[in-house]
Amino acid sequence: MRGIFITGTDTAVGKTTIGVHLAKTLRQNGQRVRVRKPVETGCERLAGSDALQPSDAIQLRAAAGITDTLDAVCPYRYEPPVSPEWAARLANCPLAIGDLHAACLDGVGSDDFLLVEGAGGFYSPIAQGALNADLAAGLGMPVLLVVADRLGAVNQTLLAIEAMEMRGLPLMGVVLNQVAQPENPFLDNHAELQRWLAAPVIHQTYNSPASPQLTQWVQKWLG
Ligand SMILES: Nc1ncnc2c1ncn2[C@@H]1O[C@H](COP(=O)(O)OP(=O)(O)OP(=O)(O)O)[C@@H](O)[C@H]1O
Ligand SMILES: [Mg+2]
């Protein structure tokens with residue numbers, strides 16, 4: 001089974017946005033895509049119901065065009081907008097990393113291309129005593145790092161990549177994502193990151209379709 005663990009330097013850097021672009025691009029290239037967002041916090045509660053809406057999982061599932069139930073894509077959901085580990089503690093039911101690991105693989109076939117989105121940043125706590133990094137390492141999947149294209153991106157990217165190297169995790173590449181309209185004409189994070197990194201860096205511009213480089217990546221990954 002092929003797959004990618006989508007992580008970020010932080011929360012709200014565009015992991016889901018890039019995950020959606022990737023799922024669509026993989027499908028266009030003939031892949032059967034499965035998506036997992038094993039735990040999501042900050043879920044909205046539907047009026048008059050106990051059901052929690054996992055918006056990331058809903059977007060990823062739609063992009064993958066799969067019939068998997070939302071419970072299969074995102075079995076662990078919490079309302080408070082805090083880390084999953086903390087949300088589970090608040091619910092008095094600690095979350096085990098093994099359960100998240102199992103949720104990522106449950107129902108996924110050997111011919112599927114699996115996209116897993118973590119929660120928060122690479123070192124955000126995701127389960128009892130476990131970070132996103134531990135889930136990625138346990139799954140043994142190559143990692144795609146999403147970084148918000150703003151001042152500080154170089155620092156955050158280099159820190160995250162060093163953490164991945166410490167754990168021996170393969171880095172597929174970095175997506176430098178414009179989460180907002182660029183305002184600083186002096187900033188060129190793409191050029192800076194390329195100077196510092198051997199890994200490929202692609203740029204996703206604000207409010208645009210998937211970067212053509214993403215398609216090239218996918219075609220390269222698929223051989
Ligand atoms: N390239 C982009 N162009 C326009 N808007 C974007 C882009 N990337 C992200 N956004 C917007 O920024 C916000 C955060 O993006 P997104 O939800 O993908 O981040 P995330 O890393 O998945 O967040 P979380 O940590 O909550 O899972 C969303 O409102 C999204 O629509
Ligand atoms: Mg997300």
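Which polar backbone atom is 3.1 Å from an oxygen atom of ligand 1? Close-up 1 has the answer, and keep in mind throughout that this is a predicted model.

**Close-up 1. Polar atoms around ligand 1.** The backbone partner is in Ala12: one of its polar atoms is 3.1 Å from an oxygen atom of the ligand. On the nitrogen side, look for Asn177, where an N or O atom of the side chain is 2.8 Å from a nitrogen atom of ligand 1. Asn207 also has a 2.8 Å distance to a ligand nitrogen, but through a polar backbone atom. As for cover, ligand 1 has 620 Å² of accessible area on its own, and the protein hides 70% of that.

**Close-up 2. The shell of ligand 1.** There are 17 residues around this ligand, and the ones that come nearest are Thr11, Lys15, Thr17, Asn177 and Asn207. Sorted by character, the shell has nine polar, four charged and four nonpolar residues. Helix α1 (residues 15-28) supplies the largest share, with three residues.

**Close-up 3. The magnesium ion (ligand 2).** Three residues coordinate the ion: Thr16 through OG1, Asp56 through OD and Glu117 through OE, at 2.1 to 2.2 Å. If you want the pattern to search for, the donor spacing in sequence reads T-x39-D-x60-E. Thr16 sits in helix α1 and Asp56 in helix α2 (residues 55-64), so this pair ties together parts 40 residues apart in sequence.

**Close-up 4. Thr16 and Asp56 by themselves.** Are these two magnesium donors buried or exposed? Both Thr16 and Asp56 are buried.

Notes: Residues numbered from 1 in each chain as written. Chains lettered and ligands numbered in written order. Predicted model: local features only at pLDDT ≥ 70, side-chain atom pairs only at ≥ 80, totals over all residues. Heavy atoms only, no water. Near = heavy atom within 4 Å. Polar contact = N/O pair within 3.5 Å; in protein donor to acceptor, adjacent residues only side chain to side chain. Areas by Shrake-Rupley, 256 points an atom, 1.4 Å probe, with all protein chains shown as cover. Helix = DSSP H or I, 4+ residues; strand = E, 2+ residues; numbered from the N terminus. Nonpolar A, V, L, I, M, F, W, Y, C, P; charged D, E, K, R; others polar. Donors = N, O, S within 2.8 Å, 3.2 Å for Na, K, Ca; no water. Buried < 20%, exposed > 50% of the residue type's maximum accessible area, 1.4 Å probe, protein only.
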